[in-house]
Amino acid sequence: MSSLVYSNILLQVPEETFYRVPLIPVHGVPLIKPIATSWERIEKFQARSDDLLIATYPKAGTTWMQEIVDCIMNQGEVEKTSRAPIHVRSPFLEGNPPPPIKCGVDVLKVTPSPRMVKTHLPFALVPESFWHQKCKVIYVARNAKDSAVSYYHFAQMNKLLPEPGTWDEYAVKFLSGDVAWGNWFSHVLGWWNARDKHDILYLFYEDMKEDPKREIRKVMKFLGKDLSEDVVEKIHQHTSFTAMKENPLTNYSSIPSSVLDQSLSPFMRKGEVGDWMNHFTESQNQIFDEEYRKKMEGSTLMFRCKVW
Ligand code: PPS
């Protein structure tokens, strides 16, 4: 099942097809070329009523939430999560990696229910069938500054994304939304504004860091699972940053280094709130704050971006 077995074949795929490809707008949202060119299939995706959609802007704690959900769905029997890497257990809806690895839509077709579907799509681009089927959604949001820093490091090591350039160049691109999956502000606001119209649990990375067990309990309640405090503690231990960094099934080490070069930056990098302070200059911080004020004005959505 692991994509490792394909690594020798991967090397034979012409690099220009998938590697460091340009962004192409889909309904105004920049997506990487292999996703944009297969958009029709993604848009027509058939959700099932017991699908759970785990939606995030990139780098908001998707993998962390996927692992928590899988533990809960397995009644806290964390050993059962060792059946496959996280990207197999919880396929990426719009993912379209180099062949022969199957695209998300094809993998999901043969995935037994209940499926845990990962997406980075903004609310407006989510296939309609999820809403027709009244699917549950867990959305995780992370403050813009830490998201930008995490995404910058990820763009360096993930060869399927466009070259990030220097941090100074990337900070400008991030703020203007010229990155894969588009503008952070539109993403977090789009999902925030939709949360009362659909069955959406809207969570924050910073809250998960502050009190992981409290947030695990929120997810349990949302999924209708009543598990003991001992089990909550077990899930908490299993999904700690340290445990997930060491776990080959959650640290993405099963993906060949030709795609994810973890020597440049590990997938499980720092897992902190406030790392942006090690990267932002004073002037970048001011520009970000100004844009934040403009874009978030009038919204009840609030973020924390400091350690408290
Ligand atoms: S992706 O590629 O968009 O799916 O990445 P995603 O999983 O959303 O985000 C990766 C960042 O989340 C951090 N992470 C965690 N932080 C705390 N605890 C746990 N358990 C955890 N698991 C993943 C990961 O380290 C990335 O953040 P940075 O800031 O880069 O370290």
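Two strands are taken to pair if DSSP finds at least two bridges between them. The views below show a predicted model.

**View 1. Strand 3 and strand 4 run side by side in parallel.** Strand 3 comprises residues 52–56 and is joined to strand 4 by 4 bridges. Within this pair, Ala55 of strand 3 stands opposite Thr119 in strand 4.

**View 2. An open sheet is formed by 4 strands with parallel pairing.** The order of the strands is 4-3-5-6. Strand 4 (116–119) and strand 6 (200–204) are the edge strands, each pairing on one side only. From one strand to the next, the twist averages 20 degrees.

**View 3. Helix 11 and helix 13 lie across strands of the sheet.** Helix 11 (residues 184–194) lies across strand 3, strand 5 (136–141) and strand 6, and its direction is at about 140 degrees to strand 6. Helix 13 (residues 212–222) also lies across strand 3, strand 5 and strand 6, but runs at about 175 degrees to strand 6.

**View 4. Helix 16 has a buried side and a face with exposed residues turned away from that side.** The buried residues of helix 16 are Gln284, Asn285, Phe288, Glu291 and Met296. These residues cover an arc of only 135 degrees around the axis, so they are placed on the same side of helix 16. The cover over them includes helix 9 (144–157), helix 10 (167–176) and helix 11. Glu282, Gln286, Arg293 and Lys294 are exposed on the face turned away from the buried side.

**View 5. The span of helix 16 agrees with its number of residues.** At 1.5 Å a residue, the 15 residues of helix 16 (residues 282–296) should span 21 Å, and the end C-alpha atoms are 21 Å apart. Gly298 follows helix 16 and has a positive phi, near 85 degrees.

Notes. Residues are numbered from 1 along each chain as its sequence is written. This is a predicted model: local features need pLDDT of at least 70, side-chain atom pairs count only at pLDDT 80 or more; totals for chains, interfaces and linings use all residues. Side-chain values use heavy atoms; hydrogens and water are left out. Helices (H or I, at least four residues) and strands (E, at least two) are DSSP runs, numbered from the N terminus. Axes are lines fitted to C-alpha atoms, for helices over the stretch in contact, and angles run from 0 to 180 degrees between N-to-C directions. Contact means heavy atoms within 4.5 Å. The expected span of a helix is 1.5 Å times one less than its number of residues. Buried means under 20% relative accessible area, exposed over 50%, partly exposed in between (1.4 Å probe, protein chains only). The arc is that of the directions from the helix axis to the C-beta atoms.
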